[in-house]
Amino acid sequence: MPIADYRVTKAILERHGFSFKKSLGQNFLTDSNILHKIVETAEIDRDVNVIEIGPGIGALTEFIAEKAAEVMAFEIDERLIPILADTLSEFDNVTVVNEDILKADLQTHIRKFNNPDLPIKVVANLPYYITTPILMHLIASKVPFTSFVVMMQKEVADRISAVPNTKAYGSLSIAVQYDMTAQVAFIVPRTVFVPAPNVDSAILKMVRRPAPLVTVSDEDFFFKVTKLAFVHRRKTLWNNLQAAFGKTEEVRQQLTNSLAIAGISPQIRGESLSIAEFATLAEALLPLK
Ligand code: SAM
């Protein structure tokens, strides 16, 4: 019987006297069909290494370990380490690392895979209180993850996968879609977790593009411009840019020139600009860097 079976989960929790820590986003999955679908969506086989974040009592880890070459699972809660040693004892391809993923030096850890040259995928049921910081940390780590198949709050999955001219579209959509394609694979009801969270969840599949979606000469400045454009969503692009760069005559002139060069109206809102248009805008704004 899988760990995720409700009765098995309950028995493990009781045997180890485990009590959930809400502050660590501990909502454990108790539905094998969903775990099966997650692993299918991630397209894992023996030629893939997997990084998991937050294995909990190992419900998802078990499904991944059955398919992958190796799994390295980062769990912050030290109370779960002996439990994982118990529940995953039959697997010799799982390494549990008792570290905060946000502090982990991923470049060093991935060298410890038996075959560090295999592609690395991220598969996880993420702790919801830090979904975005975790994704940003993984992207910033420069580890060449080939894909991410991760469960998160549905609302965050919608924001990451959003297209222009929608309420959900913003700098987070651009930060991820610059390097990755992003699509909601399926929705997960709150009822399949213990304890049930207050929100519905979604599995988001992100696959690394062969090259970034757009070419920019200064990535940091490009991402800065995308953030500035959404500081006040209801304000025009002009107002947001002016608030950020200063209301002097010099800035006004440069902004007018830059927007003309980019062929972008000052009166539109950031949410109507595509990622390609943001790239053009950022290039034209470089004199204001
Ligand atoms: N994978 C399990 C499952 O699907 O049932 C548990 C998922 S639960 C939503 C999130 C897990 O992430 C918890 O086990 C929690 O302790 C762990 N966690 C929370 N913050 C973390 C962090 N900063 N680094 C690593 N693990 C973390």
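Buried means under 20% relative accessible area, exposed over 50%, and partly exposed in between, with a 1.4 Å probe and protein chains only. Helices (H or I, at least four residues) and strands (E, at least two) are DSSP runs numbered from the N terminus. The model is predicted: local features need pLDDT of at least 70, side-chain atom pairs count only at pLDDT 80 or more, and totals for chains, interfaces and linings use all residues. Residues are numbered from 1 along each chain as its sequence is written, and side-chain values use heavy atoms, with hydrogens and water left out.

**Exercise 1. Overall architecture**

Determine how many helices and strands the protein has, and describe its domains.

Solution.
Step 1. The secondary structure consists of 12 helices and nine strands. Of the 289 residues, 51% are buried.
Step 2. Along the principal axes, the C-alpha atoms fill a box of roughly 70 × 40 × 30 Å.
Step 3. The domain assignment, whose bounds come from an automatic or database source, gives domain 1 (6-208) and domain 2 (219-288). Their centres, taken over C-alpha atoms, are separated by 36 Å. To the contact between them (contact means heavy atoms within 4.5 Å), domain 1 gives 12 residues and domain 2 gives 14 residues.
Step 4. Among contacts between residues at least 6 apart in sequence, 69% join residues at least 24 apart.

**Exercise 2. The sides of helix α11**

Establish which residues of α11 are buried and which exposed residues lie on the face turned away from them.

Solution.
Step 1. Helix α11 (residues 249-262) has 14 residues and reaches 20 Å from its first C-alpha to its last, close to the 20 Å expected at 1.5 Å a residue; the expected span is 1.5 Å times one less than the number of residues.
Step 2. The buried residues of α11 are Val251, Leu255, Ser258, Leu259 and Ala262. Because they cover an arc of only 95° around the axis, they lie on the same side of α11; the arc is that of the directions from the helix axis to the C-beta atoms.
Step 3. An α-helix has 3.6 residues a turn, so residues three or four places apart point the same way.
Step 4. The face turned away from the buried side carries the exposed residues Glu250, Ala260 and Ile261. The buried residues pack against α10 and α12 (275-285).
Step 5. Just after α11, Gly263 takes a positive phi of about 70°.

**Exercise 3. The sides of helix α4**

Apply the analysis of sides to α4: identify its buried residues and what covers them.

Solution.
Step 1. Leu80, Ile83, Leu84 and Thr87 are the buried residues of α4. They share one side of α4, because they cover an arc of only 100° around the axis.
Step 2. On the other side of α4, Pro82 and Ala85 are exposed.
Step 3. The cover over the buried residues includes α1, β1 and β4 (94-97).
Step 4. From strand β1, Phe28 is in contact with residues including Leu13, Phe18, Leu80 and Phe193. Phe28 counts as buried because its relative accessibility is 9%.

**Exercise 4. Two loop residues**

Decide whether Asn93 is buried or exposed, do likewise for Thr236, and find the backbone atom that each side chain reaches.

Solution.
Step 1. Asn93 lies in the loop between α4 and β4. Asn93 counts as buried because its relative accessibility is 11%.
Step 2. The side chain of Asn93 reaches the backbone oxygen of Ala68 at 3.3 Å. Residues up to four places away in sequence aside, Asn93 touches Arg46, Ala65, Ala68, Ala69, Glu70 and Val71.
Step 3. Thr236 lies in the loop between α9 (219-228) and α10 (237-245). Thr236 counts as buried because its relative accessibility is 16%.
Step 4. The side chain of Thr236 reaches the backbone nitrogen of Asn239 at 3.1 Å. Beyond its neighbours within four places in sequence, Thr236 is in contact with Pro266, Gln267, Ile268 and Arg269.

**Exercise 5. The nonpolar cores**

Identify the residues that touch the most other members of the largest nonpolar core.

Solution.
Step 1. A nonpolar core is a set of buried Ala, Val, Leu, Ile, Met, Phe, Trp, Tyr and Cys residues joined through side-chain atoms within 4.5 Å.
Step 2. The largest such core has 39 residues, and Ile38 and Ile64 touch the most other members.
Step 3. Elements giving two or more residues to this core include α1 (6-15), α2 (32-42), α3 (59-65) and β7 (180-188).
Step 4. A second, separate core of 33 residues includes Phe74, Ile134, Val150 and Leu172.

Conventions:
Polar contact = N/O pair within 3.5 Å; in protein donor to acceptor, adjacent residues only side chain to side chain.
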